[in-house]
Amino acid sequence: MHAISSLRSSFSPIRAAVLGAAALAAGCTSTGYDATGDDIVIEYGLGGFANPIFERYNDFASSGRRVVVDGQVISADAIAAFAMPDMCYTHNAVWSPHAFSQAGLVPDYEVTRYVASYLPEALERWFLNHHSSLDWIGIPEVGYDALVEIWPEGSCDPVEIGLAKFEAKRARDVRRLR
């Protein structure tokens, strides 16, 4: 992942103070994970500033271990976790991406499209065609069943992957017949 661009506009001291408070609040989030086993298991990712989150996930990728999403990942954590090579998600996964912003106040759709390009193609397509790619405040809750429908290859369960591909093909065939 590459660094996210910084805020380029100038602000008055009052706006800077408000922005600073908002940025501090946004930066007080974290990623809960267990790296004691063969995999790095993400238990939750609350989002926050993109650069530190992307650096954390780049460190995960550099470790050579698989990232397993086993809880809800929001905002930058949602993009970074699902952009990892050889990652997978469990039945507990909830994917909650939304548009990127400058300090939580000004949407940055260019950055949103850029970071979405790191996602697997099916997730990128879903995200960019969903209203959450335009909403920098709200979050969708894409649970396991929806994830399997959108991107079955990412499931950690190989049996589930085969079943999901079968179900997806059957659904496409039914739609074609209508």
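The legends below describe close-up views of one helix and one disulfide in a predicted model. Local features are restricted to pLDDT of at least 70 and side-chain atom pairs to pLDDT 80 or more, whereas totals for chains, interfaces and linings use all residues. Residues are numbered from 1 along each chain as its sequence is written, and side-chain values use heavy atoms, with hydrogens and water left out.

**View 1. Span of helix α2, residues 50–62.** Helices are DSSP runs of H or I with at least four residues, and strands are runs of E with at least two, numbered from the N terminus. The end C-alpha atoms of α2 lie 18 Å apart, in agreement with the 18 Å expected for 13 residues (1.5 Å times one less than the number of residues). Gly64, which follows α2, has a positive phi near 80 degrees.

**View 2. The two faces of α2.** Ala50, Ile53, Phe54, Tyr57 and Phe60 are buried (under 20% relative accessible area; exposed, over 50%; partly exposed, in between; 1.4 Å probe, protein chains only). These residues line one face of the helix, because they fall within an arc of 110 degrees seen down its axis (directions from the axis to the C-beta atoms). Glu55, Asp59 and Ser62 are exposed on the face turned away from the buried side.

**View 3. The disulfide between Cys88 and Cys156.** The S to S distance is 1.9 Å (cut-off for cysteine sulfur atoms: within 2.5 Å). Cys88 belongs to strand β4, whereas Cys156 lies 68 residues away in the loop between α6 and α7. The torsion about the S-S bond is about 90 degrees, so the disulfide is right-handed. Cys88 is buried at 5% relative accessible area, and Cys156 is partly exposed at 25%.
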